[in-house]
Amino acid sequence: MDHPEASASAGGNGYGITMTKYDAQQVGATLGGAEFTLYSVNMDQVATVGIENARTRFETAKTDANGKISFGTRDKAMSNCVLYQLVETDAPEGYAVASPTWIMLKGSASDDEYQAALTKAKNLVVDAEIIGDAKKDEIWVYDNRLAGSAVIKAKKVLDGGTFKARQFSFALKNAEDKVFQTATNDAEATSPSTSSTTRPASIATPSPRSSPRVPRTMSRTTSPMTRPNMRLRLS
């Protein structure tokens with residue numbers, strides 16, 4: 001079945017959609033460099049081969065410095081009454097990809113034709129929203145920042161003498177030297193520290209109450225979801 005090209009509605013270029021990419025944790029902050037691929041979905045094939053195998057790539061592009069991206073031009077317009085899936089194929093560094101967005105444009109199609117296609121599409125995407133002409137130029141997609149945790153164990157080793165609990169203090173800091181957490185050593189001279197952060201962090205220690213020059217050791221484990229650039233400085 002041939003589908004007519006989408007006709008113009010308020011805003012946009014009249015041939016497709018416009019999307020803006022936002023940081024989900026910072027109000028109004030847009031994200032450039034996010035890669036998206038727009039697919040058309042053959043709804044008649046989904047039941048037998050699944051959505052991924054029923055898709056045809058329409059176009060791939062990246063958001064600009066203002067977080068905006070458009071699909072569809074006069075020479076390559078999106079079609080009416082066709083289900084489209086907008087997929088983030090590559091998120092900016094430090095962010096997780098967003099869930100797919102579903103679109104179906106009405107354009108110049110009749111109400112009956114559009115409602116029939118929309119009903120079929122809703123049965124395929126279940127509870128997901130399907131964006132129509134009214135919002136086609138105001139599609140907002142939000143990326144969540146990646147989060148993770150790191151467990152750091154720092155240990156001072158004296159050449160001579162006996163450690164006392166709380167003899168040394170430790171501070172966990174970020175790249176801007178902001179202290180996120182402090183801790184003191186136990187009787188074994190070990191000071192574990194756990195931090196959850198979305199930004200690279202460093203750990204440093206101020207001078208102890210008594211300051212013998214000592215060798216130092218450190219062990220570190222990190223979660224696979226984050227890549228902290230941590231370092232330990234003991235004095």
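In this predicted model, the side chains of Gln 85 and Arg 55 make a polar contact at 2.7 Å. Gln 85 belongs to strand S5. Its relative accessible area is 6%, so Gln 85 falls under the 20% limit and counts as buried. Arg 55 has another partner to look at: its charged end sits over the ring of Tyr 39, 3.8 Å from the ring centre. If you have the viewer open, Arg 55 is a handy place to start, with Gln 85 as its polar contact and the Tyr 39 ring beneath its charged end.

A charge over a ring turns up again at Phe 58, where Lys 76 lies over the face of the ring at 4.9 Å from the centre. Phe 58 also pairs with Tyr 84. Which geometry does the pair of Phe 58 and Tyr 84 have, with planes at 85°? The ring centres are 6.0 Å apart and an angle over 60 degrees is what the class asks for, so the pair is edge-to-face. Phe 58 sits in strand S3 (residues 55-62) and Tyr 84 in strand S5, 26 residues apart, and the pair thus links distant parts of the chain. Both Phe 58 and Tyr 84 are buried.

The structure holds three aromatic pairs. One of them, between Tyr 22 and Tyr 142, is stacked, with 5.5 Å from centre to centre and 25° between the planes. Because Tyr 22 lies in strand S1 and Tyr 142 in strand S8, this pair ties together parts that are 120 residues apart in sequence. Are these two tyrosines buried or exposed, at 17% for Tyr 22 and 43% for Tyr 142? Tyr 22 has a relative accessibility of 17%, so it counts as buried. Tyr 142, at 43%, counts as partly exposed. Ring pairs also bring in Trp 140, linking Tyr 22, Trp 140 and Tyr 142 into a cluster.

That cluster leads us to the sheet. Strand S1 (residues 17-23) and S8 pair in the parallel sense over five bridges, and Thr 20 stands opposite Trp 140 in S8. With S4 added, three strands form an open sheet of mixed pairing, in the order S4-S1-S8. Strand S4 (68-71) and strand S8 (139-143) are the edge strands, each pairing on one side only. From one strand to the next, the twist averages 25°. As a reminder, strands of a sheet pair through backbone hydrogen bonds, either parallel or antiparallel.

Next, the nonpolar interior. In soluble globular proteins, nonpolar side chains tend to be buried together. Here the largest nonpolar core has 18 residues, of which Ile 17, Phe 36, Leu 38, Phe 71, Met 78 and Ile 103 touch the most other members. Two or more residues of this core come from each of S1, strand S2 (35-41), S4, strand S5 (83-90) and S8. Another core, of 15 residues, lies apart from it and includes Val 41, Met 43, Val 46 and Cys 81.

A last stop is the loop between S4 and S5, where Ser 79 is found. With a relative accessible area of 19%, Ser 79 is buried, because the limit is under 20%. How far apart are the C-alpha atoms of Ser 79 and Gly 107? They are separated by 8.2 Å, while the two residues are 28 residues apart along the chain.

Terms used:
Residues are numbered from 1 along each chain as its sequence is written. This is a predicted model: local features need pLDDT of at least 70, side-chain atom pairs count only at pLDDT 80 or more; totals for chains, interfaces and linings use all residues. Side-chain values use heavy atoms; hydrogens and water are left out. Two strands pair if DSSP finds at least two bridges between them. Helices (H or I, at least four residues) and strands (E, at least two) are DSSP runs, numbered from the N terminus. Axes are lines fitted to C-alpha atoms, for helices over the stretch in contact, and angles run from 0 to 180 degrees between N-to-C directions. A nonpolar core is a set of buried Ala, Val, Leu, Ile, Met, Phe, Trp, Tyr and Cys residues joined through side-chain atoms within 4.5 Å. Buried means under 20% relative accessible area, exposed over 50%, partly exposed in between (1.4 Å probe, protein chains only). Rings of Phe, Tyr and Trp (its six-membered ring) pair if their centres lie within 6.5 Å; planes under 30 degrees apart count as stacked, over 60 as edge-to-face and the rest as tilted. A charge sits over a ring if NZ of Lys or CZ of Arg is within 6 Å of the ring centre and within 35 degrees of the ring normal. A polar contact is a pair of N or O atoms within 3.5 Å; within protein, one must be able to donate a hydrogen and the other to accept it, and residues adjacent in sequence count only if both atoms are side-chain atoms.
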